[in-house]
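Got your viewer open? Let's take a walk through this one together, one selection at a time.

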Amino acid sequence: MKLYQVALKEIIRRKIRVMYTSLGVIIGVTTIVAILTIALAGQIKINDELNKYGPNLMVTPAISDISMSLGGLSMGTLAVGENYIQDNVLPKVRQITDDLIRKGFKDRGIPFEDVGNIATIAPRLYTNADINGKKVIVVGIDPAEERKLRIWWNIAQGKYIEKEDEALLGTHAFGALKLNVGDTLLIGKKELTVIGVLEETASIDDYQIFIPLKTAQVAFGKEGSISTIDIRALCNACPVEDVARGINNEVAGVRAVAVKQIASAEMGMMEKTNNFLLVLAGITMIVGCLGVINTMMTSIHERVREIGIMKASGASQGQLIQVFLFEAIAIGVIGGIIGYIVGTIAAYIIGPLIFKGIVIRFVLEYLPISLVLAILASIFASIYPSFRASRIKIADAFRTL
Amino acid sequence: MILEAKNVSKIYGDGTAKVFALDNISLQVNEGDYIAVMGPSGSGKTTLLNVLGGLDRPTKGEIILDGMRIDNLNENALVNIRRGKIAYVFQEYHLIPSLTALENVMLPLIFSGSPDGTQKQRAIEMLGKVGLSRRANHKPTELSGGEQQRVSVARALVNNPTLILADEPTGNLDYNSGLEIQRLFDQLNEEGHTILMVTHDPEKASHAKRLILFKDGKIVEDKNQDDKK
């Protein structure tokens with residue numbers, strides 16, 4: 001018979017108490033497994049959330065340096081100058097962007113759903129127009145792409161643009177023009193219906209009128225022209241600068257600029273979220289360990305007689321510590337397995353409450369991680385109590401009875 | 001002479017609350033001795049046994065076992081004394097409840113690192129000696145008090161100790177079981193084991209060859225009673 005068999009028999013006899021001691025480890029492991037499982041399933045959902053930051057890449061017409069050298073006056077000329085991008089570059093811009101994003105995901109080994117268009121590409125045409133005697137900026141947009149990009153747009157009245165002859169108004173433009181939803185609006189040579197009004201966005205959008213791109217091009221005689229392209233690239237995985245460089249190299253007449261502020265903020269947000277969750281899990285584990293230390297101390301107090309018997313039978317301090325470490329390992333194994341199971345179940349319950357529509361999958365790889373973590377934690381928690389136990393004097397052990 | 005106590009005192013508390021559990025005791029135990037220590041409750045008998053056996057430290061004085069001082073040894077050195085030189089039998093048997101009778105007897109051999117085969121063989125032999133071969137695979141809760149005490153005697157014998165210290169070994173037993181244990185001790189002494197036993201039962205004490213009367217932490221009388229045997 002070996003020492004660990006003696007320890008095992010004692011553990012089996014005291015199974016309820018051992019389970020109770022495991023509780024601290026179970027709680028710690030449960031939290032960690034639940035957080036990791038939800039975080040993994042939430043990666044894609046977090047990408048979606050990050051889309052709220054808007055475009056992270058702007059494409060504008062290329063402006064030659066020569067104009068700049070003309071001096072201060074010409075700067076003003078540049079600002080109101082008629083500089084446009086030809087809209088036949090759009091397919092090429094899309095292809096370059098999507099290819100580079102795919103490459104970015106592939107290079108980093110991140111799985112993603114490669115279905116249809118990946119990036120959101122929203123062209124805009126800006127023009128000035130006189131409406132009811134007031135000067136207003138009219139913006140031609142691709143309604144579908146624009147909607148994906150400007151997630152924060154909410155409709156206050158009416159509905160969103162669906163047809164070619166419909167117009168969407170910013171809240172202040174709507175107020176200034178004294179119109180109602182359903183009224184007819186004459187823009188250039190075109191008659192449009194006021195189909196909806198945006199809620200206040202606290203941005204320039206509030207003062208503008210949005211109409212479909214094609215309609216705007218025809219109305220102002222600017223067929224084939226666009227002013228800017230806003231691009232939303234999924235850039236958690238791909239450096240958005242790469243996409244900008246790719247467009248600048250391959251498309252003539254445009255200048256693509258990465259909005260670095262947004263790109264780095266996105267990276268930072270992912271990192272902060274992960275760090276926060278790990279710190280939370282770490283604190284839970286520490287609290288769990290304190291619980292284990294506490295119950296271990298109580299358990300040793302209850303077993304002072306057994307400790308006395310073992311010492312009187314010739315057990316050394318090292319052997320007694322071994323017996324307690326065997327118990328710690330048993331507690332770790334129980335805590336690791338139960339913690340993994342409960343944590344996974346918790347993820348299935350809590351996950352959908354945090355990210356709507358999330359699909360949780362159990363991650364078998366977390367089981368060995370949980371076991372190792374739980375065993376290390378319970379050994380750590382047992383060091384001091386077992387050291388104390390090994391120093392109990394035999395005479396004292398029997399006297400307390 | 002295998003054990004000697006020289007001017008040993010054990011004092012609990014300090015100042016005016018000082019209690020002399022042992023008051024300047026000197027004692028010699030020779031090989032083959034069969035000593036009964038008798039005295040009223042609280043006279044310090046158990047303290048004497050604990051101090052002699054290295055379970056507790058004396059406040060003053062020296063304990064010498066086989067020519068070596070043991071009162072000032074650290075825990076690690078005392079482990080070696082418990083693994084062969086001194087064995088204990090307690091009033092409450094002190095068996096591990098999760099282990100069978102056989103496993104309880106094996107316990108000292110597990111700690112001293114004997115090979116598996118030897119452990120079992122030796123433990124079976126010792127259980128046979130105390131007449132419990134048939135109960136080897138029973139847990140302590142399935143054994144009577146007398147049987148449990150016989151297991152604890154077998155456990156004490158398993159490392160072939162120089163000295164057996166027994167603290168009221170029959171104190172928890174009914175008359176017949178007590179008598180059986182008493183006869184077991186008589187037999188062990190006849191086989192050459194040195195035994196020091198604490199008791200408050202004059203009848204049990206009368207079995208011993210030497211009687212020490214103890215009172216208020218002092219030896220009142222130390223006499224041979226070979227004639228009575």
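**Check the confidence.** This is a predicted model, so colour it by pLDDT before anything else. Chain B has an average pLDDT of 91, with 98% of its residues scoring at least 70. Now switch to chain A: its mean pLDDT is 83, and 86% of its residues reach 70 or more. Where in chain A does pLDDT stay under 50? Select residues 64–81 of chain A: that is the stretch, and for it the model has three contacts beyond four places in sequence. For the model as a whole, the scores are ipTM 0.91 and pTM 0.68.

**Stop 1: a hairpin in chain B.** Select residues 3–12 of chain B, which are strand β1, and then residues 19–29, which are strand β2. The two run antiparallel and are joined by seven bridges. Want to see one pair of partners? Show Ile11(B), and you'll find Phe20(B) of β2(B) opposite. Together β1(B) and β2(B) make a hairpin, with six residues between them. In the turn, click on Gly13(B), which has a positive phi of about 70 degrees.

**Stop 2: the sheet around that hairpin.** Add residues 60–65 of chain B, strand β4, which pairs with β1(B) in the antiparallel sense over five bridges. Here Ser9(B) stands opposite Lys60(B) in β4(B). Bring in β5 of chain B as well, and you have an open sheet of four strands in the order β2-β1-β4-β5, with antiparallel pairing. Why is one side of β2(B) and of β5(B) left without a neighbour in the sheet? These two strands, β2 and β5 (68–69), stand at the edges and have a single partner strand each, so nothing in the sheet sits on their other side.

**Stop 3: the six-stranded sheet.** Stay in chain B and look for another open sheet, with six strands ordered β6-β7-β8-β3-β9-β10 and mixed pairing. Its edge strands are β6 (86–89) and β10 (218–224) of chain B, each pairing on one side only. Turn the sheet in your viewer to see the twist, which averages 15 degrees from one strand to the next. Then select residues 34–38 (β3) and 194–199 (β8) of chain B: these pair in the parallel sense over five bridges. Tyr34(B) has Ile195(B) in β8(B) as its bridge partner.

**Stop 4: helices by the sheet.** Show helix α5, residues 145–157 of chain B, which lies across β6 and β7 (163–167) of chain B and runs at about 175 degrees to β6(B). Next, add helix α6, residues 175–190 of chain B: the axes of α5(B) and α6(B) come within 9 Å and cross at roughly 20 degrees. The two helices are therefore roughly parallel to each other. Their crossing is right-handed. To see who touches whom, show Gly145(B), Gly146(B), Gln149(B), Arg150(B) and Val153(B) on α5(B), and Ser177(B), Glu180(B), Ile181(B) and Leu184(B) on α6(B). That contact of α5(B) with α6(B) has three nonpolar, four polar and two charged residues.

**Stop 5: an oblique pair.** Select residues 101–112 (α3) and 116–129 (α4) of chain B, whose axes come within 9 Å and cross at roughly 125 degrees. That angle makes α3(B) oblique to α4(B). α3(B) passes α4(B) in a right-handed crossing. Among the residues that meet here are Leu102(B), Val105(B) and Leu109(B) from α3(B), with Ala123(B), Ile124(B) and Leu127(B) from α4(B). By class, the contact of α3(B) with α4(B) has 10 nonpolar, one polar and two charged residues.

**Stop 6: over to chain A.** Show α1(A) and α12(A), which pack at an angle of about 55 degrees with their axes 9 Å apart. This makes α1(A) oblique to α12(A). Residues meeting here include Leu3(A) and Ile11(A) in α1(A), and Val323(A) and Phe326(A) in α12(A).

**Last stop: where the chains touch.** Show both chains: the contact takes 20 residues from chain A and 25 residues from chain B. On the chain A side, the elements that give two or more residues are α1 (3–13), α11 (304–312), α12 (317–354) and α14 (394–399). Which of them gives the largest share? That is α1(A), with six residues. By class, the chain A side divides into 10 nonpolar, five polar and five charged residues.

Definitions and conventions. Residues are numbered from 1 along each chain as its sequence is written. Chains are lettered from A and ligands numbered from 1 in the order in which they are written. This is a predicted model: local features need pLDDT of at least 70, side-chain atom pairs count only at pLDDT 80 or more; totals for chains, interfaces and linings use all residues. Axes are lines fitted to C-alpha atoms, for helices over the stretch in contact, and angles run from 0 to 180 degrees between N-to-C directions. Angles under 35 degrees count as roughly parallel, over 145 as roughly antiparallel, 65 to 115 as roughly perpendicular and the rest as oblique. A crossing is left-handed if the near helix is turned anticlockwise from the far one by less than a right angle, and right-handed if clockwise. Two residues are in contact if their C-beta atoms, placed from the backbone, lie within 7 Å. Ala, Val, Leu, Ile, Met, Phe, Trp, Tyr, Cys and Pro count as nonpolar, Asp, Glu, Lys and Arg as charged, and the others, Gly among them, as polar. Two strands pair if DSSP finds at least two bridges between them. pLDDT is the predictor's confidence in each residue, from 0 to 100.
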